[in-house]
Amino acid sequence: MNRDARAIIEEGAIIAEDVKVGPYSIIGKDVTIGEGTSIGSGVILEGKVHIGSKCIIGHHVVIGTPPQDLSYQSEETEVWIGDETVIREFSTIHRATGKGNETRIGRKCYIMSYCHIAHNCRLGNEVTMANNASLAGYVEVNDMATLSGFVGVHQFVRIGKLSMLGGLSKIVMDVPPFTLADGHPARLFGLNVVGLRRHGYSKAERDQIKKIYSIIFERHGNLPELLEAIQRDFTGEYVAEIINFFSQGRRGITRFIQEKRLNDVY
């Protein structure tokens with residue numbers, strides 16, 4: 001009763017009994033869909049696509065098609081989408097490059113219309129991507145990050161936890177956790193104070209994060225020594241988050257805009 005007769009569901013697909021499937025959607029034989037999920041009209045799910053429970057897949061979404069990557073040789077790869085994630089109309093999510101690899105989206109993400117998530121991307125939980133935001137291959141977006149409309153993110157860039165990217169921004173370097181980034185190319189403009197407040201970070205914790213970034217960006221010394229000092233002098237889960245972020249990566253770190261020092265972030 002929940003599956004329109006005009007939809008095509010290939011034999012072998014594993015779909016929970018209560019999943020709704022709209023007209024003209026095509027669901028391939030290697031697709032699995034959890035209970036309570038809704039699939040709109042004209043949706044294409046191709047290859048090894050695993051969709052969790054209580055997800056909403058909007059009209060004309062395409063998930064699991066081959067990556068736009070010249071190195072891809074039809075190897076078997078996958079797409080995973082966590083529970084309660086919403087993917088709105090005309091968005092595209094490609095399978096990974098490299099045998100056994102995956103493109104993965106976490107729980108409770110909100111992907112608005114016309115977004116693109118390329119091969120081998122990894123999104124954490126509660127990530128928001130506004131209309132037309134696009135991720136190139138191998139991008140990592142951490143929990144609760146927000147990408148505004150028409151943001152473009154370069155290959156291999158990392159977007160830190162609870163960061164926010166302004167609309168139309170060009171992101172070519174890693175964006176640290178808890179920060180605001182905007183521009184073409186993007187620069188940091190301060191802490192994501194509103195996001196931190198909404199997620200329960202106190203004024204004292206926000207002040208500590210501000211001091212940590214003052215040490216990283218304004219104090220002389222090599223980065224490993226600065227991170228060691230931060231680990232010694234500060235406590236809190238956000239300390240480990242920042243240290244781990246700065247200890248990794250291959251694109252370099254987005255810098256604060258020259259006209260705005262950290263003392264001006266509030």
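Seven residues of helix 2, namely E205, Q208, I209, I212, Y213, I216 and F217, meet Y238, V239, I242 and F246 of helix 4. Contact here means heavy atoms within 4.5 Å. Helices (H or I, at least four residues) and strands (E, at least two) are DSSP runs, numbered from the N terminus. This is a predicted model, in which local features need pLDDT of at least 70 and side-chain atom pairs count only at pLDDT 80 or more, while totals for chains, interfaces and linings use all residues. Residues are numbered from 1 along each chain as its sequence is written, and side-chain values use heavy atoms, with hydrogens and water left out.

**The helices**

Helix 2 covers residues 203-218 and helix 4 covers residues 237-246; the two pack at an angle of about 25 degrees, and their axes are 11 Å apart. So helix 2 is roughly parallel to helix 4. Angles under 35 degrees count as roughly parallel, over 145 as roughly antiparallel, 65 to 115 as roughly perpendicular and the rest as oblique. The axes themselves are lines fitted to C-alpha atoms, for helices over the stretch in contact, and angles run from 0 to 180 degrees between N-to-C directions. The crossing of helix 2 and helix 4 is right-handed, a word used if the near helix is turned clockwise from the far one by less than a right angle, with left-handed for anticlockwise.

Helix 4 has another partner in helix 3, residues 223-233: their axes come within 10 Å and cross at roughly 170 degrees. Helix 3 and helix 4 are therefore roughly antiparallel. On the helix 3 side, L223, L227, I230 and Q231 do the touching, and they meet V239, I243 and F246 in helix 4. If you look back at the helix 2 contacts, V239 and F246 turn up there too.

Further along, Q258 sits in the segment after helix 4. Q258 has a relative accessible area of 76%, so it is exposed. For accessibility, buried means under 20% relative accessible area, exposed over 50%, and partly exposed in between (1.4 Å probe, protein chains only). Q258 and S74 are 184 residues apart in sequence, and their C-alpha atoms are 46 Å apart in space.

**The domains**

How is the chain divided? There is a domain 1 (8-138) and a domain 2 (196-261), with bounds that come from an automatic or database domain assignment. Taken over C-alpha atoms, the centres of domain 1 and domain 2 are separated by 34 Å.

**Three tyrosines**

The tyrosines below are all partly exposed.

| Residue | Place | Relative accessible area |
|---|---|---|
| Y110 | strand 15 | 31% |
| Y114 | loop between strand 15 (110-111) and strand 16 (116-117) | 46% |
| Y138 | loop between strand 19 (134-135) and strand 20 (140-141) | 31% |

Y114 has a positive phi of about 65 degrees although it is not a glycine. For Y138, too, phi is positive at about 65 degrees, and Y138 is not a glycine either.

Which residues does Y110 touch, leaving aside its neighbours within four places in sequence? They are V86, R88, V127, T128 and M129. Y110 and A130 are 20 residues apart along the chain, with 8.1 Å between their C-alpha atoms.

**Two loops to look at**

G47 lies in the loop between strand 7 (44-45) and strand 8 (48-51). Not counting residues up to four places away in sequence, G47 touches D30, V31, G64 and R95. G47 and E140 are 93 residues apart along the chain, and their C-alpha atoms are separated by 22 Å.

The other loop, between strand 26 (179-183) and strand 27 (186-191), holds P185. A cis peptide bond joins H184 and P185, with omega at about 0 degrees.

**The cysteines**

A disulfide is a covalent bond between the sulfur atoms of two cysteines. In this model, the term is used for a pair of cysteine sulfur atoms within 2.5 Å. How many disulfides does the structure hold? Zero. Why does C109 not bond with C55? The closest cysteine sulfur to that of C109 is in C55, 9.5 Å away, which is too far for a bond. C121 is in no disulfide either, as the nearest cysteine sulfur, that of C115, is 12 Å away.

Are C109 and C121 buried or exposed? C109 counts as buried, at 1% relative accessibility, and C121 counts as buried at 0%.
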